[in-house]
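Let's take a walk through this model, starting with how its helices pack and ending at the ligand. Keep the viewer open as you read.

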Amino acid sequence: MTLKGKSAVVTGSTSGIGLAIARALAGQGCNVMINGFGDPGAIETERAALAAHGVDARHHGADMSKPAEIAAMMAEAAAAFGNVDILVNNAGIQFVSPVEDFPLEKWDAILAINLSSAFHTSRAAIPGMKAQRWGRIINTASAHSLVASPFKSAYVAAKHGIAGLTKTLALELARHGITANCISPGYVWSPLVEKQIPDTMAARGLTREQVIGDVLLAAQPTREFVTVDQVAALALFLCSDAAAQITGANMSMDGGWTAA
Ligand code: NAD
């Protein structure tokens with residue numbers, strides 16, 4: 001497969017799953033705009049590594065909780081690349097707390113970053129995709145788009161929401177050569193998972209080893225973490241012609257978690 005001549009925006013791609021997807025796309029010749037926070041030097045190193053594939057690789061620091069910044073990023077990508085053919089809505093944060101103690105600002109931030117940002121990017125990208133009669137919208141949802149876990153109210157609500165948004169996009173865009181799907185990983189070893197271990201230890205009164213073994217991997221019958229490269233490989237497949245009839249799907253990659 002080649003994605004030469006195509007261009008992508010991948011939100012939340014300075015780390016973890018998003019970065020792996022950006023690398024996979026660039027590896028197939030796709031121009032890519034990465035997005036997210038981090039050390040400027042480290043981001044430039046990643047950007048340069050993407051550009052080494054012979055593609056136009058850029059970084060935009062838009063905050064996915066801010067609609068005006070999202071619009072500016074999408075406009076900049078379209079201007080730089082000529083079009084945004086592939087949109088990967090991947091930015092996401094987590095916060096773990098009982099509902100009655102859940103900080104209001106955390107609720108608002110998770111809904112904004114994990115759900116509403118995908119609405120804002122999609123509405124910006126769709127006119128260009130329609131004009132080309134080709135597009136791919138890939139949303140990183142989660143096993144938590146299908147099932148819940150305690151203490152993750154905002155995250156579970158946002159992920160169920162993005163699964164619904166994905167289905168709606170698929171129906172609206174079905175006759176335009178544009179597919180919309182979500183990938184729903186179980187636990188992927190990434191900074192996002194590492195960061196929630198201390199809070200889960202506190203919320204459940206467990207040790208680090210107990211959180212990894214009894215909470216995280218206990219959910220996955222394979223007892224193995226998903227890797228970022230496995231998620232990226234599925235995203236790449238969804239960009240291929242072979243995946244043209246896959247739309248509105250919620251594709252689990254969770255070691256059997258949601259089969260139980
Ligand atoms: P990560 O923490 O490694 O990466 C998150 C990325 O989002 C980073 O690049 C970060 O800078 C960026 N980001 C955070 N807030 C942002 C904001 N306001 N604006 C712009 N960028 C922002 O996490 P990850 O594990 O790679 O998660 C990526 C996606 O995968 C998330 O949507 C997450 O919910 C989902 N997911 C992760 C797992 C897992 O186990 N790691 C499982 C299922 C789904």
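Start with the residues where helices α4 and α5 touch: on the α4 side you'll find Trp107, Ile110, Leu111, Asn114, Leu115, Ala118, Phe119, Ser122, Ile126 and Lys130, and they meet Ser153, Ala154, Tyr155, Ala157, Ala158, Lys159, Gly161, Ile162, Leu165, Leu169 and Leu173 of α5. Sort that contact by class and you get 15 nonpolar, 4 polar and 2 charged residues. Bear in mind that this is a predicted model.

Now for the geometry. Helix α4 spans residues 104–132 and helix α5 spans residues 153–173; their axes come within 8 Å and cross at roughly 15°. Angles under 35 degrees count as roughly parallel, so α4 is roughly parallel to α5. The crossing itself is right-handed.

Next, swing over to helix α1 (residues 16–27) and helix α8 (residues 228–239), whose axes also come within 8 Å but cross at roughly 50°. That angle makes α1 oblique to α8. This crossing is right-handed too. From α1, Gly16, Ile17, Ala20, Ile21, Ala24 and Leu25 meet a set in α8 that includes Val228, Val231, Ala235 and Cys239. The class split here is 11 nonpolar, 1 polar and 1 charged.

Finally, the ligand. There are 30 residues around it, and Thr14, Ser15, Tyr155, Val188 and Ser190 come nearest. Tyr155 is also one of the α5 residues that meet α4. Look at the oxygen contacts: a side-chain N or O atom of Thr14 sits 2.7 Å from a ligand oxygen, while for the Ser15 side chain the distance is 2.5 Å. Ile17 uses its backbone instead, with an N or O atom 2.8 Å from an oxygen of the ligand, and Ile17 is also among the α1 residues that meet α8.

Definitions and conventions. Residues are numbered from 1 along each chain as its sequence is written. This is a predicted model: local features need pLDDT of at least 70, side-chain atom pairs count only at pLDDT 80 or more; totals for chains, interfaces and linings use all residues. Side-chain values use heavy atoms; hydrogens and water are left out. Axes are lines fitted to C-alpha atoms, for helices over the stretch in contact, and angles run from 0 to 180 degrees between N-to-C directions. Helices (H or I, at least four residues) and strands (E, at least two) are DSSP runs, numbered from the N terminus. Angles under 35 degrees count as roughly parallel, over 145 as roughly antiparallel, 65 to 115 as roughly perpendicular and the rest as oblique. A crossing is left-handed if the near helix is turned anticlockwise from the far one by less than a right angle, and right-handed if clockwise. Contact means heavy atoms within 4.5 Å. Ala, Val, Leu, Ile, Met, Phe, Trp, Tyr, Cys and Pro count as nonpolar, Asp, Glu, Lys and Arg as charged, and the others, Gly among them, as polar. A residue is near a molecule or strand if one of its heavy atoms lies within 4 Å of it. A polar contact is a pair of N or O atoms within 3.5 Å; within protein, one must be able to donate a hydrogen and the other to accept it, and residues adjacent in sequence count only if both atoms are side-chain atoms.
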